[in-house]
Amino acid sequence: MAKYIVLRLVTAVAVLIGVSIVTFLLLHIIASSPGAAALGQQATPQAIAAYNKANGYDDPLQVQYVHYLGNLLHGNLGYSYKLNQSVNALIAENAPRTLYLTGVSLVLSILISIPIGMYQAVRRNTIGDYAATAGSFTLYSMPSFFLGLLLIQAFALSLHVFPAEASQSTSVIGVILDPRGMILPIVTFTAVNVAGFSRYMRSSTIDNLAQEYVRTAKAKGLSERQVLWRHLLKNSSLPLITLIGLSIPRLLAGNLLIETLFNYPGLGLLFYNALGNEDYNVLLAYILIGAVLTVLGNLIADIAVAAVDPRVRVT
Amino acid sequence: MTQRQNSGPLAAAPGAAPSARERAPEALADRDQPHARRGWLLALRTFTESKLGTVGVAILLFFVLFSFAGPLVYHSDQTQGNLLGTDLPPGAGHPLGTDASGYDELGRLMLGGQASLEIGLFAALIAICIGVLYGAIAGMTGGILDGLMMRFVDILLSIPFLLVVLLLATKYRANILSLSLIIGFFSWLVPARLVRGEVLTLRARDFVHASRMLGASDLHTVVRHLIPNAISVVVVNLTFQVADAIIAIAFLGFLGLGLPFPHTDWGDMLANAETYLTDGYWWLVYPVGISLILVVMACNFIGDAWRDALDVRLRER
């Protein structure tokens, strides 16, 4: 087990280095002259060249990469010339609100999708399964912004129950204390995730139901309930751990749409506004953070799966 | 069941589209057909027995016809909007009303459907072709090369692809080909992983060992055992890829980074939906939204039905 963790850690570090190379190249291809961005449109070519030289932006690519990696290792994500703030400060300011929205939605979606998926698999091809399938198919096929729009139309514009805009409070505590404003974004985000997770859970449980251990468990006289709780729950939800680790990029994209739609000042909205400003340092920093989160998520998921399932450690 | 020989050249062509005749149950009893092909026919029969799968095919066919053949029947001016007739509600001359630039909404829906369907299919095909090759090579070679290839996939999979697509879309002008390439190039990772995983498990299965021990060559093993068994994963994934690509292009269009005006796609048409809803222009929101959902849902239905049809363990007969 310890050997597996060490091996997995080493590959995670290798992947992270790869990620940093890819983001560096992306930044280089898209914004090759930081001087032009820093000095603004009126700057003369001479001034831009001088700035690039003074800051090492005309060095060979590999030297620039080492410089970039050095900055990253010191936790320096660059500077937003458009907002005149360091990217670190911007991220630190917006991250807690995004964490709250995403975290609450993720936990809710897991808690909801496991029972739904298992129920559907066990009661396969009954009315309940069909109803849940219809619901999850519709939600899954719906772009999250469209679901958000429908909810805004129904609950904000028609019924006036919840505001159409998310909480605008600057502190997380303020956001938590304003649950009315957060219900629509959280419900939208959760519903989209539940659709995907419960479908996965259903097929994973169906796969497991066809396995021989289920037959063995039934043959040795366990009741259906015991088979469900003792064997099926653990084995079927195992792939869900991996799925969650893998779906972090998708979560980030969903978060971006929902924050944009509900005008919720988090990292997604920061990214969206940076797209309009062509603020590449912010864009690349967020992509990098997303990638690091994904690597960590996969690492934790793999270790968790290996801890529970000894068969995985062999590979 | 009766025996029936497929003697006509059309019926024997492996790439021929499944006609109603081929789907007839008696064709399944044809024992002279190669093993893999009989499996496919059986799968096809299970597929046609699945109601959702059939409904999915019907919906998809409807929207393909609607988008591509529709403009031949229903003529509307999609090059110049009528600025004197913007945001008209559905009525005479405009069954679905007009949009904010005075374009006929029904015609626009067809035009947007073409872009969304084309990009969805192109992107999925690109993703599947790259993914299958990459995954099969990694899975078959194994060892260090496999490790390196899969770490590369890990690197790209870790980078949130929609965010990168957005980033690239701010810099480069979008057209159908560029959007398909961008989406396809970032979507081959999952099929590559699936195919590699499938090849790895299949390689370790007893029937492959048996075939090897009986003296089968690598090529024979790949062609007769690995591909027929791994292809089901690919087929299922292809339909899901189409669905995902259509959602991805809707996402880009919604954020204003889709096809440039006057071209359009369904996401682009929804971009101002929030304003339309507050103004009460429901015809600019619901027809597009529902079309989008139905097409994506149809692809998912088809994928699920294929998955059930091709999974031998779940097959009852």
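This dialogue introduces a predicted model with chains A and B.

Visitor: Which helices and strands make up chain A, and how many are there of each?

Guide: One begins by counting the elements along the chain. In this predicted model, chain A has 15 helices and two strands. Its C-alpha atoms occupy a box of roughly 85 × 60 × 30 Å along the principal axes.

Visitor: How many helices and strands does chain B have?

Guide: Chain B has 14 helices and zero strands. Read from the N terminus, its elements therefore form an unbroken run of α, as the definition of helices and strands and the order of elements show.

Visitor: What share of each chain is buried?

Guide: Burial is judged by counting neighbours: a residue is buried if 20 or more other C-beta atoms lie within 10 Å of its own. By this count, buried residues are 37% of the 315 residues in chain A. In chain B, they are 44% of the 317 residues.

Visitor: What share of the contacts joins residues at least 24 apart in sequence?

Guide: Here one sets aside pairs that are close neighbours along the chain. Among contacts in chain A between residues at least 6 apart, 68% join residues at least 24 apart. For chain B, residues 24 or more positions apart account for 70% of the contacts with a separation of 6 or more.

Visitor: Which domains does the assignment give for chain A?

Guide: The domain assignment gives domain 1 (2-81) and domain 2 (88-205 + 232-314) of chain A. The second is written as two segments. The C-alpha centres of domain 1 and domain 2 of chain A lie 30 Å apart.

Visitor: How many residues of the two domains are in contact, and which elements of domain 1 take part?

Guide: One reads such a boundary by asking who touches whom. In chain A, 18 residues of domain 1 are in contact with 19 residues of domain 2. On the domain 1 side, the elements giving two or more residues are α1 (2-30) and β1 (79-80) of chain A. The most comes from α1(A), with 11 residues. By character, the residues on this side are 12 nonpolar, five polar and one charged.

Visitor: How many residues of chain A are in contact with chain B?

Guide: The approach used for domains serves for chains as well. Here 34 residues of chain A are in contact with 32 residues of chain B. On the chain A side, elements that give two or more residues include α1, α6 (127-141), α7 (144-158) and α14 (280-308) of chain A. Again α1(A) gives the most, with eight residues. This side divides into 26 nonpolar, seven polar and one charged.

Visitor: Which residues of the largest nonpolar core touch the most other members?

Guide: A core is read through its best-connected members. The largest nonpolar core has 157 residues, and L283(A), I287(A), L163(B) and I183(B) touch the most other members. Helix α11 (residues 218-254) of chain B contributes the largest share, 17 residues. Because domain 1 and domain 2 of chain A both give residues to this core, it lies between them. As one example, leaving out residues up to four places away in sequence, L283(A) touches F271(A), A274(A), L275(A) and L167(B).

Visitor: Where does helix α10 of chain A lie, in the open or in the interior?

Guide: The burial count can be applied to a whole helix. Of the eight residues of α10 (212-219) of chain A, the number buried is zero, so this helix lies largely in the open. It is followed by G221(A), whose phi is positive, near 100 degrees. In chain B, helix α10 (206-213) also has eight residues, of which zero are buried, so it too lies largely in the open. Just after α10(B), G215(B) takes a positive phi of about 95 degrees.

Visitor: How is a single residue read, for instance G75(A): is it buried or exposed?

Guide: One notes the element, the neighbour count and the distances. G75(A) lies in the loop between α4 (61-73) and β1 of chain A, and it is exposed, with 7 other C-beta atoms within 10 Å. G75(A) and N88(A) are 13 residues apart in sequence and 8.0 Å apart, C-alpha to C-alpha.

Visitor: How many other C-beta atoms lie within 10 Å of A36(A)?

Guide: A36(A), in helix α2 (residues 34-39) of chain A, has 18 and is partly exposed. Leaving out residues up to four places away in sequence, A36(A) touches A43(A) and I48(A).

Definitions and conventions:
Residues are numbered from 1 along each chain as its sequence is written. Chains are lettered from A and ligands numbered from 1 in the order in which they are written. This is a predicted model: local features need pLDDT of at least 70, side-chain atom pairs count only at pLDDT 80 or more; totals for chains, interfaces and linings use all residues. Domain bounds come from an automatic or database domain assignment. Two residues are in contact if their C-beta atoms, placed from the backbone, lie within 7 Å. Helices (H or I, at least four residues) and strands (E, at least two) are DSSP runs, numbered from the N terminus. Ala, Val, Leu, Ile, Met, Phe, Trp, Tyr, Cys and Pro count as nonpolar, Asp, Glu, Lys and Arg as charged, and the others, Gly among them, as polar. A residue is buried if 20 or more other C-beta atoms lie within 10 Å of its own, exposed if 12 or fewer, and partly exposed in between; C-beta atoms are placed from the backbone. A nonpolar core is a set of buried Ala, Val, Leu, Ile, Met, Phe, Trp, Tyr and Cys residues joined through C-beta atoms within 7 Å.
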